[in-house]
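Colleague: I would like to go through the labels on this model. Please set each value against its cut-off.

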Amino acid sequence: MSKCEDCTYDERGILTHTCGPCEEEAIKARIKWWQDGKRKLREKDHDG
């Protein structure tokens with residue numbers, strides 16, 4: 001994964017602060033993960 005020029009990194013290259021667009025992508029990824037998990041749980045409950 002390449003570093004975003006707008007995010008902030010410490011001297012070791014570890015991300016310390018995300019910019020707006022990167023934070024938006026992270027939020028979208030968490031929402032997708034949550035929705036996929038809920039769907040899988042419903043399918044498991046429905047099949048069982």
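Modeller: Start with Thr18. Setting aside neighbours within four places in sequence, Thr18 is in contact with Cys7 and Glu23. Bear in mind that this is a predicted model.

Colleague: What makes the pair of Thr18 and Glu23 side chains a polar contact?

Modeller: The distance. The two side chains make their polar contact at 2.8 Å. The cut-off for such a pair of N or O atoms is 3.5 Å. The value is within it, so the label holds.

Colleague: Where does Thr18 sit, and why is Thr18 called partly exposed?

Modeller: Thr18 lies in the loop between β2 and α1, the helix of residues 20-47. Its relative accessible area is 23%. Buried needs under 20%, and exposed needs over 50%. Thr18 falls in between, so it is partly exposed. One distance to add: Thr18 and Cys4 are 14 residues apart in sequence, with 8.6 Å between their C-alpha atoms.

Colleague: How many disulfides does the structure hold?

Modeller: The structure holds 0 disulfides.

Colleague: How do you know that Cys7 and Cys22 are not bonded?

Modeller: The closest cysteine sulfur to that of Cys7 belongs to Cys22, at 3.6 Å. A disulfide needs the two sulfur atoms within 2.5 Å. So the pair is too far apart for a bond. Cys19 is in no disulfide either; its nearest cysteine sulfur, in Cys22, is 3.6 Å away.

Colleague: Why do Cys7 and Cys19 count as buried?

Modeller: Cys7 has 9% relative accessibility. Cys19 has 11%. The limit for buried is under 20%. Both values meet it, so both residues count as buried.

Colleague: Why is Asp10 called buried?

Modeller: Asp10 has a relative accessible area of 19%. That is under 20%, so the label is buried. Asp10 is found in the loop between β1 (8-9) and β2 (15-17). A polar atom of its side chain lies 2.9 Å from the backbone nitrogen of Arg12.

Colleague: And Lys44: what makes it exposed?

Modeller: Lys44 has a relative accessible area of 63%. Exposed means over 50%, so Lys44 qualifies. Lys44 is found in helix α1. From Lys44 to His17 the C-alpha distance is 38 Å, with the two positions 27 residues apart in sequence numbering.

Colleague: Now the whole chain. In what order do the elements run?

Modeller: From the N terminus the order is β-β-α. That is 1 helix and 2 strands. The C-alpha trace spans about 50 × 20 × 15 Å along its principal axes.

Colleague: What share of the residues counts as buried, and what area is exposed?

Modeller: Of 48 residues, 6% count as buried. The protein exposes about 4600 Å², and carbon and sulfur atoms supply 56% of that area.

Colleague: How many charged side chains are there, and how far apart are the centres of the two sets?

Modeller: There are 10 positive and 11 negative side chains. The centres of the two sets lie 6 Å apart.

Methods:
Residues are numbered from 1 along each chain as its sequence is written. This is a predicted model: local features need pLDDT of at least 70, side-chain atom pairs count only at pLDDT 80 or more; totals for chains, interfaces and linings use all residues. Side-chain values use heavy atoms; hydrogens and water are left out. Helices (H or I, at least four residues) and strands (E, at least two) are DSSP runs, numbered from the N terminus. Buried means under 20% relative accessible area, exposed over 50%, partly exposed in between (1.4 Å probe, protein chains only). A polar contact is a pair of N or O atoms within 3.5 Å; within protein, one must be able to donate a hydrogen and the other to accept it, and residues adjacent in sequence count only if both atoms are side-chain atoms. Accessible areas come from the Shrake-Rupley method with a 1.4 Å probe; for residues, only the protein chains shown count as cover. Lys and Arg count as positive and Asp and Glu as negative; His and the chain ends are not counted. The place of a charge is taken as NZ of Lys, CZ of Arg, CG of Asp or CD of Glu. Contact means heavy atoms within 4.5 Å.
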